[in-house]
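Let's take a friendly walk through the charged pairs and the strand pairing of this protein. Have the model open beside you as you read.

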Amino acid sequence: MRTQTFFKVAALSGLLALAGCASKVAQPDQFSGFLKDYSGLQQTTSATGKPTLRWVDPSYNPSNYDSIVWNPITYYPTPKPSTQIGQKTLDGLLTYANNKMKPAIGSRKPLVATPGPRSLIFRGAITGVSSKEEGLQFYEVVPVALVVAGTQMATGHRTMDTHLFFEGELIDAATGKPVVKVVRKGEGKELNNESTPMAMSNLTHVIDDMATDATMFDVKKK
């Protein structure tokens, strides 16, 4: 009887662990601090069908703005290269993100260097995650979070899931307050094992989807 109870508890624990690993959106302990306020974020579906966390000011009206100030996407915090995620890959991903996202944001409103009274300010970052229990360093989990899925461990097949985390916002230049906030966790291509080096190709489609969603975002659907 005790043995059966033990296995039931173990099975339940395993399912809960899998549910955590399988989460399609960033969890609170994965917020980087790049955004000053994470309150109000709600899970929704992007134009490309990807799950995302988003908040839109109920009073936000795109027609009230005629330009966007573009701030280049950065890393937050600054990553450290490793044998799995080299500096070349880190640099390439950041360049790729800016090259894709800048024209996507620019398709919404003209991009300007200096904010005016009817300007929005864009700021975004490929962000880190935090692990309170294990204290993982930035380069171990971002720009990709390398997670061994429970089912894969059970079968001895140690492929590695990859994710890119992004946080961004649009700020009303006149008030200094955000009108749109986004926190996104994009799933990349798997690595064969924990020794496989990360390549840009593992994650570029995640950035492609983000750029498409930035172009197609409809505030009416929020």
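## Salt bridges and a central strand

Across the whole structure, a search finds 7 salt bridges. The model is a predicted one, so please read the distances below as computed from it. Side chains of opposite charge can pair when their charged atoms come close. Three of the pairs are described here, with their N to O distances:

| Acidic residue | Basic residue | N to O distance |
|---|---|---|
| Asp-209 | Lys-50 | 3.3 Å |
| Asp-208 | Lys-100 | 3.6 Å |
| Glu-169 | Arg-123 | 2.6 Å |

### Two pairs from helix 5

Let's begin with Asp-209 and Lys-50, whose closest N and O atoms are 3.3 Å apart. Asp-209 sits in helix 5 (residues 204-216), while Lys-50 belongs to the loop between strand 1 (42-45) and strand 2 (51-56), so this salt bridge ties together parts that are 159 residues apart in sequence. How covered are the partners? Asp-209 has a relative accessible area of 19% and is therefore buried, the cut-off being under 20%. Lys-50, with 30%, is partly exposed.

Asp-208 forms a salt bridge of its own, with the side chain of Lys-100. Here the link runs from helix 5 to helix 2 (residues 87-106), so parts that are 108 residues apart in sequence are tied together. Both partners can be placed by their relative accessible areas: Asp-208 is partly exposed at 24%, and Lys-100 is partly exposed at 33%.

### A pair between two strands

The side chains of Glu-169 and Arg-123 meet in a salt bridge with an N to O distance of 2.6 Å. This pair links distant parts of the chain, with Glu-169 in strand 7 and Arg-123 in strand 6, 46 residues apart. Glu-169 counts as buried at 8% relative accessibility, whereas Arg-123 counts as partly exposed at 23%. The two residues also meet in the strand pairing, as Glu-169 is the bridge partner of Arg-123 in strand 7.

### Strand 6 and its neighbours

Which strands pair with strand 6? With strand 7 (residues 163-172), strand 6 pairs in the antiparallel sense over 7 bridges. Strand 3 (residues 67-70) pairs with strand 6 in the parallel sense over 4 bridges, and within that pairing Ser-67 has Ser-119 as its bridge partner. Strand 4 (residues 74-76) also runs parallel to strand 6, joined by 3 bridges; there, Tyr-75 stands opposite Ile-126. Strand 6 itself (residues 119-127) is mostly covered, with 7 of its 9 residues buried.

Key. Residues numbered from 1 in each chain as written. Predicted model: local features only at pLDDT ≥ 70, side-chain atom pairs only at ≥ 80, totals over all residues. Heavy atoms only, no water. Buried < 20%, exposed > 50% of the residue type's maximum accessible area, 1.4 Å probe, protein only. Pairing = 2+ DSSP bridges. Salt bridge = Lys/Arg side-chain N within 4 Å of Asp/Glu carboxyl O.
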